[in-house]
Amino acid sequence: MNIFLRELKANFKSLLIWIGIAILFSWIGFSKFSAYYENPELLAILDGLPPGLLAAFNMNAFNLTTLSGFFGVMFAYFGLMLSISAAMWGSDIISKEERDKTVEFSLTLPVTRFKLIVAKAAAAVVNSIALLLVTWGALYSASQQYEPTSEFYDFVSLGMLALFIMQMIFLAIGILLGCAMKQHKRSSSAAVSVLLGTYFISIVSGFYEDLEFLNYLSPFKYFDAGTMFRESRLEPEFLWISAGIVVAAMVAAYLSYSRRDLYI
């Protein structure tokens, strides 16, 4: 419990910064929506864009003049923001002990390395949930001026569940890199690089139908906003894949950390 509370305190400033970013991003996003709201003439601008570009960014699946449509297009960007924070927290919770020269203190505690990882991971999960809830609240607050419908609320709720799963995927990957990489200073940049690489894969697979098999390599494609909007569900296949990634990453993180020589 002491390790858990210590991690929450140590990452509180970082959490506040990400909360500020989430609130600002939500309000700026919906301020731009005011140009599209009930103004179908502006949709003509999209007609001049290449079909592949529209498909890659999911702009052909939604009506941008509606709240649900605008959130559907913005979903990937919210996923990118929340996933980056989770990946950085995950990679930092272990590697910072060596970076800050506090690993000797951690090793003197009467706890196993397994309990150490669990406590630190739990703190990162709490931070991720807190950021998600603030983002959710900011979305609701920013959308009130446009008279949201129950359909919008249901879509956002399902989207938040999908975003939480994405957070857990990249949090687990970040923890794995933090535990496995000997060059602890590079673990955060490596985690973000993996995340951006999967995001780039999602864009490429959207451009070309022949590359749809790449969807399995990118969590950003596991939860398609268009499918969630039309069918009000998450695809079970990708839910199982997500769970498998999280479990495999956490097991690998523990195995690598339990055998690793730590630099004091």
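**Exercise 1. Work out how α7 and α8 are oriented relative to each other.**

Solution. Start with where you want to end up: α7 and α8 are roughly antiparallel to each other. To get there in this predicted model, take the axes of α7 and helix α8 (residues 150-180), which are 10 Å apart and make an angle of about 150°. The cut-off for roughly antiparallel is over 145 degrees, and that settles the label. For the handedness, α7 passes α8 in a right-handed crossing.

Next, pick out the side that α7 brings to the contact: Ile-117, Ala-121, Ala-124, Val-125, Ser-128, Ile-129, Leu-132, Trp-136, Leu-139, Tyr-140 and Ser-143. From α8 come residues including Phe-152, Tyr-153, Met-160, Phe-164, Leu-171 and Cys-179. Sort the whole contact by chemistry and you get 19 nonpolar, four polar and no charged residues.

**Exercise 2. Classify the packing of α1 against α7, and say which residues make the contact.**

Solution. Go to helix α1 (residues 2-10) and helix α7 (residues 113-143): their axes come within 8 Å and cross at roughly 40°. That makes α1 oblique to α7, and the crossing is right-handed.

Now list the players. α1 supplies Ile-3, Phe-4, Arg-6, Glu-7 and Leu-8. α7 answers with Leu-116, Ala-119, Lys-120, Ala-122, Ala-123, Val-126 and Asn-127. The tally for this contact is eight nonpolar, one polar and three charged.

**Exercise 3. Is Ser-91 buried or exposed, and what does it touch?**

Solution. First place the residue: Ser-91 sits in helix α5 (residues 67-99). Then check its relative accessible area, which is 0%, so Ser-91 is buried. Finally, leave out residues up to four places away in sequence, and the residues that Ser-91 touches are Gly-174, Ile-175, Gly-178, Ser-187, Ser-188 and Ala-191. Ile-175 should ring a bell, since it also belongs to the α8 side of the α7 contact.

**Exercise 4. Count the aromatic pairs and sort two of them by geometry.**

Solution. Use ring centres within 6.5 Å as the pairing rule; the count then comes to 15 aromatic pairs. Take Phe-30 and Phe-70: their ring centres are 5.7 Å apart and their planes stand at 55°, so this pair is tilted. Phe-30 lies in helix α2 (residues 12-33) and Phe-70 in helix α5, so the pair ties together parts that are 40 residues apart in sequence. Both Phe-30 and Phe-70 are buried.

Do the same for Tyr-222 and Phe-223. Here the centres are 6.4 Å apart and the planes are at 70°, so the pair is edge-to-face. Tyr-222 and Phe-223 are buried too.

One more step: follow the ring pairs from residue to residue. They link Phe-25, Phe-71, Phe-75, Phe-78, Trp-136, Tyr-140, Phe-152, Tyr-153, Phe-155 and Phe-229 into a cluster. Among these, Trp-136 and Tyr-140 of α7 and Phe-152 and Tyr-153 of α8 also appear in the α7 and α8 contact.

**Exercise 5. Zoom out: how many helices and strands does the protein chain have, and what percentage of its contacts joins residues 24 or more positions apart?**

Solution. Count the elements: eleven helices and zero strands. Reading from the N terminus therefore just gives α after α, and burial comes next. Of the 264 residues in the protein chain, 47% are buried. Last, keep the contacts with a separation of 6 or more; residues 24 or more positions apart account for 76% of them.

Terms used:
Residues numbered from 1 in each chain as written. Predicted model: local features only at pLDDT ≥ 70, side-chain atom pairs only at ≥ 80, totals over all residues. Heavy atoms only, no water. Axes fitted to C-alpha atoms, helices over the stretch in contact; angles between N-to-C directions. Helix = DSSP H or I, 4+ residues; strand = E, 2+ residues; numbered from the N terminus. Parallel < 35°, antiparallel > 145°, perpendicular 65-115°, else oblique. Left-handed = near helix turned anticlockwise from the far one by under 90°. Contact = heavy atoms within 4.5 Å. Nonpolar A, V, L, I, M, F, W, Y, C, P; charged D, E, K, R; others polar. Buried < 20%, exposed > 50% of the residue type's maximum accessible area, 1.4 Å probe, protein only. Phe/Tyr/Trp six-rings, centres within 6.5 Å; stacked < 30°, edge-to-face > 60°.
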